[in-house]
Every structure is written in structure tokens, then in C-alpha cells.
Amino acid sequence: MTKEELAAMLNNRAYLHETTPEIEQLAKDNNLLIVFGCSDDLCEFRGAIFEEFDCYEGGTITHNDLQKPIKALWCSDRDCSWSYETELPHAEFNIYDDDELYCIGMVIDLNNNEHEYRDFIEQALADGMCMEDIKMVVSVVKELRKRGRENG
């Protein structure tokens, strides 16, 4: 499943019914992160990461599993209560409260984070490690992360 396919599943859902346990498991299985706002002070993460962040009036969210921050925007110029910005690969979806746009959420693809291993690769090359060994290490790390997600 791609971030765009999951965003399409989430698009136009109702506030307080943004997702389901089945959708969250699908996101987790595909290493996709669902981001959306709740109330006037919360940012919700579902799927690959399950957490809640205090973002009263907006703020910047960082997490060990994210290579770039996510900026939570409260009542921005996008004509909704919550919207988000990030340099991570993502697709957007809309959440409505009755007939009004409440939140422009996002699905972030944690599989295709081109920056994820950049620092490691640059340092390994500088230390004289060959590209074949670097690829093997990155592959092992990806597999361990995948197993960690599968085991909860």
C-alpha cells in the first residue's frame, strides 16, 4: 500500500472518526504514519508510530523515528483548524467536522525516507567501508525495523 492509497482511504472522514483499528494496522504493516489533529491542542500519530503530542496553538514535532520534523499549524491560512508541513514524503487527506474542513492530515511514508541513512553512508564511506558492506548493513537495519513493527 502506498501513502497515496492510504490517504485516499482516509480522505473525507469525520472528525473523531478519522481512522479505525484496521486502517491503523494496515498503516503499521506498511510502515506508514498517519498524522492528524484533535481538539485544539493535540497531534495524533497512528500506524507506524502510535503517539499523541501536545501542540496547543501549533508547534514542531520531532521523534526518534522521523528524520525530519513535522510542523503542526493551528488555524493557518489553509482554512482549517489543523494542517501540517514536513519535508518527509507524504500525501494529504481531509477530515471534516460536519460540513466544515477541520484538518488537513498527512500520511508519511517511512519506507522511502531518502535522508534516513545519508549520514551513516557518508561516514562509512569516509571511514573506508565499501559500498557492498554499507548496503548489507542498511538492509539488516531495515529488516530489524520491519520485525520490530511486526512484533508490536
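The following exercises, each with a worked solution, look at the core, a helix, a strand residue, the salt bridges and the cysteines of one predicted model.

Residues are numbered from 1 along each chain as its sequence is written, and side-chain values use heavy atoms, with hydrogens and water left out. Since the model is predicted, local features need pLDDT of at least 70 and side-chain atom pairs count only at pLDDT 80 or more, while totals for chains, interfaces and linings use all residues.

**Exercise 1. The nonpolar core**

Find which residues of the largest nonpolar core touch the most other members, and which element gives the most to this core.

Solution. Begin with the terms: a nonpolar core is a set of buried Ala, Val, Leu, Ile, Met, Phe, Trp, Tyr and Cys residues joined through side-chain atoms within 4.5 Å. Buried means under 20% relative accessible area, exposed means over 50%, and partly exposed lies in between, with a 1.4 Å probe and protein chains only. Helices (H or I, at least four residues) and strands (E, at least two) are DSSP runs, numbered from the N terminus.

Next, look at the members: the largest nonpolar core has 35 residues, of which V35, F45 and Y84 touch the most other members. At least two residues of this core come from each of α1 (3–10), α2 (21–29), β2 (32–38), β3 (42–47), β6 (70–74), β7 (82–86), β8 (90–97) and β9 (100–109). The element that gives the most is β2, with 6 residues.

**Exercise 2. The two sides of α2**

Work out which residues of α2 are buried and which are exposed on the other side.

Solution. First, the buried residues in α2 are I23, E24 and A27. These residues lie on the same side of α2 because they cover an arc of only 100° around the axis, where the arc is that of the directions from the helix axis to the C-beta atoms. On the other side of α2, P21, E22 and D29 are exposed.

Then ask what the buried residues of α2 pack against: the partners are α1, β1 (13–14), β2 and β3, with contact meaning heavy atoms within 4.5 Å. Finally, N31, just after α2, takes a positive phi of about 55°.

**Exercise 3. The surroundings of T86**

Decide whether T86 counts as buried or exposed, and list the backbone atoms that its side chain reaches.

Solution. T86 is found in strand β7, and T86 counts as buried because its relative accessibility is 17%. For the polar contacts, we look for a pair of N or O atoms within 3.5 Å; within protein, one must be able to donate a hydrogen and the other to accept it, and residues adjacent in sequence count only if both atoms are side-chain atoms. The side chain of T86 reaches the backbone oxygen of P69 at 2.9 Å and the backbone nitrogen of L88 at 3.2 Å. When residues up to four places away in sequence are not counted, T86 touches K68, P69, I70, M106 and I108.

**Exercise 4. A network of salt bridges**

Trace which residues are linked with R46 in a network of salt bridges.

Solution. Side chains of opposite charge can pair when their charged atoms come close. Here a salt bridge is a side-chain nitrogen of Lys or Arg within 4 Å of a carboxyl oxygen of Asp or Glu, and by this rule the count comes to 5 salt bridges.

One salt bridge joins R46 and E24, with the closest N and O atoms 3.8 Å apart. This pair links distant parts of the chain, since R46 is in strand β3 and E24 in helix α2, 22 residues apart. R46 also forms a salt bridge with E44, where the closest N and O atoms are 2.7 Å apart, and both R46 and E44 are buried. The network therefore consists of E24, E44 and R46.

**Exercise 5. The cysteines**

Explain why C75 forms no bond with the closest cysteine sulfur, and then describe where C55 is placed.

Solution. A disulfide is a pair of cysteine sulfur atoms within 2.5 Å, and the structure holds 0 disulfides. The sulfur of C75 is 8.0 Å from the closest cysteine sulfur, in C80, which is too far for a bond.

C55 has its place in the loop between β4 (51–54) and β5 (59–61), and C55 counts as buried because its relative accessibility is 4%. Leaving aside neighbours within four places in sequence, C55 is in contact with D40, D41, L42, C43, I61, A72 and W82.
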